[in-house]
Protein chains: 2
Amino acid sequence: MYRDRIRHPAFINKVRTAEEAASLFKNGMTVGMSGFTRAGDAKALPGALAQRAKREGLALTLITGASLGSGSDGLMADAGLLARRLPFQADATLRRKINDGKVMFIDQHLSETVVQLRSGSLAPVDIAVIEATAITEDGGIVPTMAVGNSASFVQQARTVIIELNLSAPRALEGLHDIYLATGLPIPLIRPEQRIGSSAIAVDPERVAAIVITDSPDSPSNVLPPDEETAAIAGHIIAFLSGEVSAGRMGRALRPIQAGIGTIANAVLQGLIGSPFNGLTMYSEVLQDSAIALLDSGQLTFASASSITLSPAMHEHFISNLQDYRSRILLRPQEISNHPEIVRRLGLIAINTALEFDLYGNVNSTHVGGTHMMNGIGGSGDFARNSHLSVFVSKSTAKQGAISSVVPMVTHVDHTEHDVDILVTEWGLADLRGLAPRERAPLIIERCAHPDYRAPLRAYFEQAVQRGGHTPHLLEQAFSWHSRYLSTQTMRAP
Amino acid sequence: MYRDRIRHPAFINKVRTAEEAASLFKNGMTVGMSGFTRAGDAKALPGALAQRAKREGLALTLITGASLGSGSDGLMADAGLLARRLPFQADATLRRKINDGKVMFIDQHLSETVVQLRSGSLAPVDIAVIEATAITEDGGIVPTMAVGNSASFVQQARTVIIELNLSAPRALEGLHDIYLATGLPIPLIRPEQRIGSSAIAVDPERVAAIVITDSPDSPSNVLPPDEETAAIAGHIIAFLSGEVSAGRMGRALRPIQAGIGTIANAVLQGLIGSPFNGLTMYSEVLQDSAIALLDSGQLTFASASSITLSPAMHEHFISNLQDYRSRILLRPQEISNHPEIVRRLGLIAINTALEFDLYGNVNSTHVGGTHMMNGIGGSGDFARNSHLSVFVSKSTAKQGAISSVVPMVTHVDHTEHDVDILVTEWGLADLRGLAPRERAPLIIERCAHPDYRAPLRAYFEQAVQRGGHTPHLLEQAFSWHSRYLSTQTMRAP
């Protein structure tokens with residue numbers, strides 16, 4: 001049943017149970033696991049390792065591509081397995097452990113983890129656990145629905161464990177483009193360009209176990225577009241139409257990156273039927289909307305590091321995989337998010353803000369400045385180096401009790417230097433070429449919820465009285481957040 | 001006298017006075033001027049334009065490489081000439097105007113200005129004013145002590161004015177490497193590599209005037225090393241020795257970038273006589289210490305965008321220019337600071353912080369979170385993409401009344417994601433691979449002034465009680481800054 005997927009003879013007698021494979025791990029090891037935004041993650045080892053941790057105590061540093069599916073992060077965190085976790089997560093249980101100080105979480109730009117591993121800034125990976133579709137005649141590992149950091153983990157780890165997932169379509173082979181940065185220029189100049197190989201080379205000697213699984217990826221948990229996300233999409237499309245009219249872009253725009261999540265997905269969804277054509281994506285994850293845009297014919301090619309879909313879209317995608325194979329490439333996240341490529345291609349980067357402030361600083365990660373939500377992910381890789389750095393958010397949260405536009409953000413993930421365009425359902429603020437004092441009125445009038453505009457204006461006007469390039473009232477800068485903590489609303493009484 | 005420097009016949013009859021050249025400017029124009037960290041700036045037009053502004057009113061958008069010398073920015077700001085200024089400045093008068101809201105200042109990553117010009121995100125340059133050493137037989141402009149954004153300004157401007165500076169040594173010709181980014185990989189893989197031409201190509205038709213000057217660059221205003229900056233250098237050298245011992249670098253380290261200013265200069269000065277050899281620099285500005293390191297033989301090559309020296313070192317440099325010519329290249333700041341190259345070369349980036357916080361966020365620009373000092377300059381270009389991102393600061397300012405280590409920085413230029421190492425005269429905190437809760441105690445014990453350690457510990461411990469990945473007490477986060485504003489000291493009464 002699995003034998004036709006193991007096409008190199010040196011691998012065939014390495015099949016082990018997950019429990020056998022889990023016995024290879026030692027306390028304090030650094031483990032690199034496949035998986036990026038719920039796609040392509042190892043399905044068996046997380047559970048087996050959690051069992052071992054519960055039974056006999058075992059604590060690891062776990063590095064992945066990005067978030068895992070199947071509740072794996074929660075399972076492992078609950079078992080006390082995760083002493084240290086990087087570079088991203090999106091699991092409720094693990095989030096609680098991180099915010100309780102029980103798991104040391106290192107929140108990183110997703111392109112940088114392997115650079116730090118390679119240079120020795122992080123402790124080396126002892127064991128890599130990689131989900132695969134197949135093992136080729138040459139002994140290459142064919143990934144599944146994500147590449148993430150898998151190629152680097154395999155390259156660096158002393159021991160490799162492969163999870164061969166029988167539920168992954170064989171036709172995924174050929175979808176991947178494995179290339180790792182060296183000291184030379186990366187020869188990629190177009191999103192659709194193949195620069196590497198279709199499998200991850202590995203010395204069979206280092207493969208200690210192959211575990212057979214058949215659990216599918218966890219489906220996307222993105223919500224469908226609603227009135228507000230549709231309005232956000234509308235503002236962006238109107239803005240991009242203006243850029244085309246002004247001659248700053250053609251109708252194919254520039255290659256698009258869109259972050260994970262409901263709003264970014266809705267923005268792309270909104271492009272269907274828009275006047276743009278011949279679009280390309282150079283992104284980190286493809287969501288339902290990317291497939292729908294390929295179907296509409298407006299998107300000609302999509303490059304990413306993973307594919308994370310709803311159950312229905314997954315079914316559609318897999319059933320028509322042959323049609324998509326020539327229009328999608330999955331790359332290591334070092335390459336999908338590489339500053340060199342992001343800058344060279346001149347991307348339109350669309351990412352989600354938790355909150356942003358009067359001057360264009362963005363908080364993507366910390367609720368109330370203290371509690372980690374998920375992590376910065378690739379947003380910084382893209383925002384810093386893109387042609388247009390767009391951040392989107394609904395103008396309020398918690399039924400209007402929280403304004404996403406605040407006097408000062410409580411945590412900065414993207415500085416004013418890295419933010420061009422801010423969008424809420426109310427409108428779009430184009431900050432390009434504007435000084436802080438010019439940005440504030442624009443952000444208030446275009447982006448803030450009407451209920452919060454007057455208090456934002458009052459803050460800004462009072463701050464301006466005190467002077468400064470970036471006027472603030474330090475003693476009041478976080479008063480909205482403090483009020484929310486004590487009264488459950490940012491609204492003044 | 002100047003005729004032997006104008007080697008192309010089409011240029012010879014373009015010589016005009018500064019006043020004649022100044023008459024070409026119209027209200028509202030965007031002007032690109034040469035000049036980077038007081039080097040290679042136009043000497044005559046700023047004054048002539050300021051005169052015109054005073055006489056008849058004239059307001060411009062002025063874009064440069066970085067800061068200008070000769071009090072030019074102050075002169076122009078005082079005359080009301082500067083409606084809008086980017087991407088950097090370091091002038092007391094202009095700083096006051098910016099903080100008063102009289103000049104709209106756009107603080108940018110220095111590698112990005114020309115990218116934004118090229119893509120139309122900023123209004124196009126109408127007139128470029130470029131200081132030159134000579135005009136070649138081919139009609140190329142040979143820059144002086146800086147390249148900055150000059151090549152892009154010339155490429156983009158409708159009209160070009162050349163300031164031919166007779167005080168610039170003819171032997172500067174050959175020191176420059178002019179290359180502008182295209183959609184292709186930049187072929188630079190070593191700091192010493194020449195990838196472009198030695199002069200800036202220009203169509204003579206677009207050259208409207210050549211103004212003859214002979215004023216030298218303003219000398220560096222960097223202070224000599226003192227006990228504290230020497231201690232900072234000592235900590236960095238000890239750390240780097242540890243990296244060499246651990247096998248993470250060789251004795252040639254990695255190419256070094258050092259920001260402008262007294263502390264960064266002192267750190268490089270401290271490398272003289274250190275155990276490191278075969279060093280290279282890939283930086284934006286070369287200060288006295290770089291020349292001294294070349295003289296010591298430890299530095300084999302220095303690439304930058306400008307050279308800014310003390311009067312004595314300038315004299316020494318010019319007198320021995322032939323010796324240095326093969327060991328220095330000056331590049332456009334787009335290339336000296338390019339994320340693609342910074343990442344590829346794996347730099348050690350050493351930049352100065354105004355203040356940093358318990359979790360490693362750095363403020364480089366805003367005093368009290370509101371008042372602009374100079375600007376972010378190239379620090380973000382380097383910190384984000386370097387192999388090691390080091391920030392240095394004295395632990396206190398104003399005779400100990402201000403702690404540079406604070407609970408929360410009042411403005412973020414470099415997020416925790418982009419900071420590896422923090423150093424003060426007290427010690428060095430290596431934050432690599434650490435979670436926020438692990439960083440705080442290390443930063444307090446290694447970097448904070450002993451007088452501020454107990455209050456920092458108290459803040460952190462109380463914040464931890466409230467939980468969170470990055471514990472904070474929002475209502476107290478800026479209390480030290482507020483106290484300083486009211487009592488002129490951060491010390492508790």
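This is a short chat about a predicted model with chains A and B.

Visitor: How is chain A laid on chain B, and with what RMSD?
Guide: In this predicted model, a turn of 180° with a shift of 0.0 Å along the axis lays chain A on chain B, and the RMSD is 0.0 Å. That is the relation of a two-fold axis. In chain A, the C-alpha nearest that axis belongs to A:Glu340, at 2.1 Å from it.

Visitor: And through what surface do the copies meet?
Guide: They meet through the same surface, because 100% of the interface residues of chain A are also interface residues in chain B.

Visitor: Switching topic, which domains does UniProt list for chain A?
Guide: An unreviewed UniProt entry lists "Acetyl-CoA hydrolase/transferase N-terminal" for residues 11–171 of chain A, and "Acetyl-CoA hydrolase/transferase C-terminal" for residues 317–459 of chain A.

Visitor: What is the helix and strand content over those spans?
Guide: Residues 11–171 of chain A are 29% helix and 22% strand, with the end C-alpha atoms 21 Å apart, while residues 317–459 of chain A are 33% helix and 25% strand, with the end C-alpha atoms 50 Å apart.

Visitor: At what angle do α10 and α11 of chain A pack?
Guide: Helix α10 (residues 288–296) and helix α11 (residues 311–319) of chain A pack at about 45°, with their axes 10 Å apart, and they are therefore oblique to each other. The crossing of α10(A) past α11(A) is left-handed.

Visitor: Which residues meet there?
Guide: From α10(A), A:Asp288, A:Ile291, A:Ala292 and A:Asp295 meet A:Met313, A:His316 and A:Phe317 of α11(A). The residues of this contact divide into four nonpolar, one polar and two charged.

Definitions and conventions
Residues are numbered from 1 along each chain as its sequence is written. Chains are lettered from A and ligands numbered from 1 in the order in which they are written. This is a predicted model: local features need pLDDT of at least 70, side-chain atom pairs count only at pLDDT 80 or more; totals for chains, interfaces and linings use all residues. Side-chain values use heavy atoms; hydrogens and water are left out. Axes are lines fitted to C-alpha atoms, for helices over the stretch in contact, and angles run from 0 to 180 degrees between N-to-C directions. Helices (H or I, at least four residues) and strands (E, at least two) are DSSP runs, numbered from the N terminus. Angles under 35 degrees count as roughly parallel, over 145 as roughly antiparallel, 65 to 115 as roughly perpendicular and the rest as oblique. A crossing is left-handed if the near helix is turned anticlockwise from the far one by less than a right angle, and right-handed if clockwise. Contact means heavy atoms within 4.5 Å. Ala, Val, Leu, Ile, Met, Phe, Trp, Tyr, Cys and Pro count as nonpolar, Asp, Glu, Lys and Arg as charged, and the others, Gly among them, as polar. UniProt positions are given in the numbering used here, feature names are shortened, and annotations may be inferred rather than shown by experiment. Copies are superposed by least squares on the C-alpha atoms of residues with pLDDT of at least 70 in both.
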